[in-house]
Amino acid sequence: MDHIGRPDPVPLSDADHPARPRAGAMDALGLALRLAWRQLRSDRARLMTAVAGVMFACVLVFMQLGFKGALFDSATNLLNSMRADLFLMHPMTEASFRPEHIPRARAWQALADADVAQAVPIYMAQASMRNPESGRRRTVQVIGLDVTANAVRFEGLAPLTAALTRPDTFAFDNRSRPEFGPVGEMFAAHGPFRVQIGTRMFELVGMIDIGPSFGADGNAVMSEVNFRRIFSRDPAQTDLVALRLRPGADLGAVQARLQALLPDDVLVLTHPELVAAERAYWENGTPIGFIFLFGSVMGLVVGMVIVYQILFADIAGHLSEYATLKAMGYSNLYLSGVVLGAAIILAVIGFIPGFVTSLFLYDVVAKGTFLPLGMPVERAVGVFALIFGMCFTAGLLAMRKLRDANPADMF
Amino acid sequence: MEAPLDLSNVTFSYGDGELRRQVLKDVSLSVAPGEIVLLTGPSGSGKTTLLTLIGALRGMQEGKCRVLGQELLGAGEADRVRLRRRIGFIFQNHNLLGFLTARQNVAMALELHGGLNDTARLKRAGEMLAAVGLADHADKRPSQLSGGQRQRVAVARALVAEPGLVLADEPTAALDRASGQEVVHLLSDLARRRGTPILLVTHDPRILDIADRIVAMEDGRIIQADAAGH
Ligand SMILES: Nc1ncnc2c1ncn2[C@@H]1O[C@H](COP(=O)(O)OP(=O)(O)O)[C@@H](O)[C@H]1O
Ligand SMILES: [Mg+2]
């Protein structure tokens, strides 16, 4: 063959040396990605639409997961802050805001074990508390217990025990929602003042740290005696019993002994078990988990439809170009790679602003609702995986349109 | 030296059963190395169908068709895709990728082949564009070029990877007289210098002068093969 006049003497593998290996798989992947990016970039409006779609899905999923996490975290705020070694709870108690009563006698029975130093019955009920500034009433979770026993270690409770033993006194949760009024500020400025809980006037003697939950906007801790001034209840029935063990006692062994000793109207739980049981109720025993799952799935579906539409329209609008590429010897696989590449690029460039927006919204929500919205690494990684999967699926679906690009129709 | 294209007794039908219609009947044709063959004939005579078979764009049914050493009867998809990389296609419409520059479009034909990096590919694409007279337009997008210029980019794309055979189907049909002539003459000049054989379908009597041989088809058959004057 006559080679004169060729612009460059470098031979090409397929044309002249069929035996030479073709461009490596990584090269091909890079080129497919580049082609995908060039195509996406060429239509700014469409690119923006696609990115907005991915971002929307991303923010929606982050918010759903954030709220879900915050709800479950806050649902356990109260039990989480009751630090004791072991707890007695009724096996049928599903959540702390609606406890099944257990006989108070179980507390004294538990003391039969030599390693149990203290047994403190805890009473829990909800009442309304009047905002000292506006006079409006909100539901507050009231916890009554023997404050002098230090089996239950609420943050900030220890210095208040003497004051709390006086009649009609209580300590208020500093992290309660602001609807209760500027209780903390007023206390810091003027010291103790009187607040109405239920139908009685109580004196606020100090602030502690618990945190609100979906069940109650705030918490009030008081002595068992004061508790009974609000709620007329059978004193022989309690809601929860906290146990303090002697130093050096084997937690697991004591738990097993107590469980064997006590009748089966009580469960003996460690603190982590108690918190986990509460969380499990919110996660599995209520439709809340499903609602958030549904919200997340809807976000992903909407995002997927948008990405699919964009990718599909890209192919449908350029069928003859795709067919030309096939005629030139581009394989179906390569062109599928271009479509998937576009999907992956959309996943990445949609996730980044979606993530940043979500961080910002988390902050706004945390300030507005006092729900603890954090961004754990696992959540960021997990949402990226979801968004990636969403775009990948959209790409897989859109890819089928490539079959309509038939190079035989090109001539 | 083996003929780049060798067809014997190729028969092809579209459709099935009642609707079956034979559009190629016993076609035999061969193109010698470096030869430029023009295929003419009335519309519907099967020229395009023949070209799609030769270009491995459509599956063969009957007969033998050897293109660049590859037998196409019974060839698998992978073999056909590989063969297409060694053929330069020029369509009636340029079908350039609108989001790429002329240079990038031409380089697309090189990305299928190993042995060149991106810089080398773009360099060679630029040289090829210069060879079709578009040195100053290499970095424009197709939308910024005239019809004739776009078709010249398509010629550059078809030739840049040094194909063993060029197939063109009415490449001037969408162009005015002058630019049509220009494109076809560019194509035949470049191909001749490189010794690349061309099979070109045309209705256009004004470009018959580039041919080594003119083959006429009618009703799915080759009716006449003339040597053209040179
Ligand atoms: N994809 C197809 N399916 C069915 N019939 C077709 C198809 N393509 C072309 N034909 C028919 O085959 C015949 C030959 O067409 P074609 O090869 O395009 O001829 P030409 O290019 O010479 O005009 C025509 O009658 C046409 O209608
Ligand atoms: Mg035709």
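# Exercises on a two-chain model with one ligand

B:Asn95 is buried, with a relative accessible area of 8%; buried means under 20% relative accessible area, exposed over 50% and partly exposed in between, with a 1.4 Å probe and protein chains only. The model is predicted: local features need pLDDT of at least 70, side-chain atom pairs count only at pLDDT 80 or more, and totals for chains, interfaces and linings use all residues. Residues are numbered from 1 along each chain as its sequence is written, chains are lettered from A and ligands numbered from 1 in the order in which they are written, and side-chain values use heavy atoms, with hydrogens and water left out.

## Exercise 1. Positive phi values

Determine where B:Asn95 lies and what its phi is, and then do likewise for B:Asp26.

*Solution.*
- Step 1. Begin with the general expectation: most residues other than glycine have a negative phi.
- Step 2. B:Asn95 has a positive phi, near 50°. This residue belongs to the loop between strand E6 (87-90) and helix H3 (102-108) of chain B; helices (H or I, at least four residues) and strands (E, at least two) are DSSP runs, numbered from the N terminus.
- Step 3. For B:Asp26, phi is also positive, near 55°. B:Asp26 is located in strand E2 of chain B and is partly exposed, at 48% relative accessibility.

## Exercise 2. The surroundings of ligand 1

Identify which residues surround ligand 1 and which elements of chain B give two or more residues to its shell.

*Solution.*
- Step 1. List the residues around ligand 1, that is, those with a heavy atom within 4 Å of it. They are B:Tyr14, B:Arg21, B:Val23, B:Pro42, B:Ser43, B:Gly44, B:Ser45, B:Gly46, B:Lys47, B:Thr48 and B:Thr49.
- Step 2. Sort them by class: three are nonpolar, six polar and two charged. In this scheme Ala, Val, Leu, Ile, Met, Phe, Trp, Tyr, Cys and Pro count as nonpolar, Asp, Glu, Lys and Arg as charged, and the others, Gly among them, as polar.
- Step 3. Examine the distances to oxygen atoms of the ligand. A polar side-chain atom of B:Thr48 is 2.6 Å from one such atom. Backbone N or O atoms of B:Gly46 and B:Ser45 lie 3.0 Å and 3.2 Å, respectively, from an oxygen atom of ligand 1.
- Step 4. Consider the covered area. Taken alone, ligand 1 exposes 560 Å², of which the protein buries 63%; accessible areas come from the Shrake-Rupley method with a 1.4 Å probe, and for residues only the protein chains shown count as cover.
- Step 5. Assign the shell to elements. Strand E2 (21-31) and helix H1 (47-54) of chain B give two or more residues each, and H1(B) supplies the largest share, three residues.

## Exercise 3. Helix H1 of chain B

State how many residues of H1(B) are buried and which residues these are.

*Solution.*
- Step 1. Seven of the eight residues of H1(B) are buried, leaving the helix mostly covered.
- Step 2. The buried residues are B:Lys47, B:Thr49, B:Leu50, B:Leu51, B:Thr52, B:Leu53 and B:Ile54.
- Step 3. After the helix comes B:Ala56, with a positive phi near 60°.

## Exercise 4. Salt bridges

For the pairs A:Asp239 and A:Arg233, A:Asp363 and A:Lys367, and B:Glu182 and B:Arg152, state the N to O distance and describe the setting.

*Solution.*
- Step 1. Over all chains, the structure holds 34 salt bridges; each is a side-chain nitrogen of Lys or Arg within 4 Å of a carboxyl oxygen of Asp or Glu.
- Step 2. A:Asp239 and A:Arg233 meet at 2.9 Å, N to O. A:Asp239 is buried at 1%, whereas A:Arg233 is partly exposed at 21%.
- Step 3. A:Asp363 and A:Lys367 meet at 3.0 Å, N to O. Both residues lie in helix H13 (residues 332-369) of chain A, four residues apart, about one turn of the helix. A:Asp363 is partly exposed at 41% and A:Lys367 is exposed at 60%.
- Step 4. B:Glu182 and B:Arg152 meet at 3.2 Å, N to O. B:Glu182 lies in helix H6 (residues 177-194) and B:Arg152 in helix H5 (residues 147-160) of chain B, so the pair ties together parts that are 30 residues apart in sequence. B:Glu182 is partly exposed at 39%, and B:Arg152 is buried at 13%.
- Step 5. A network of salt bridges links A:Arg34, B:Glu111, B:Asp118 and B:Arg121.

Technical notes
Near = heavy atom within 4 Å. Polar contact = N/O pair within 3.5 Å; in protein donor to acceptor, adjacent residues only side chain to side chain.
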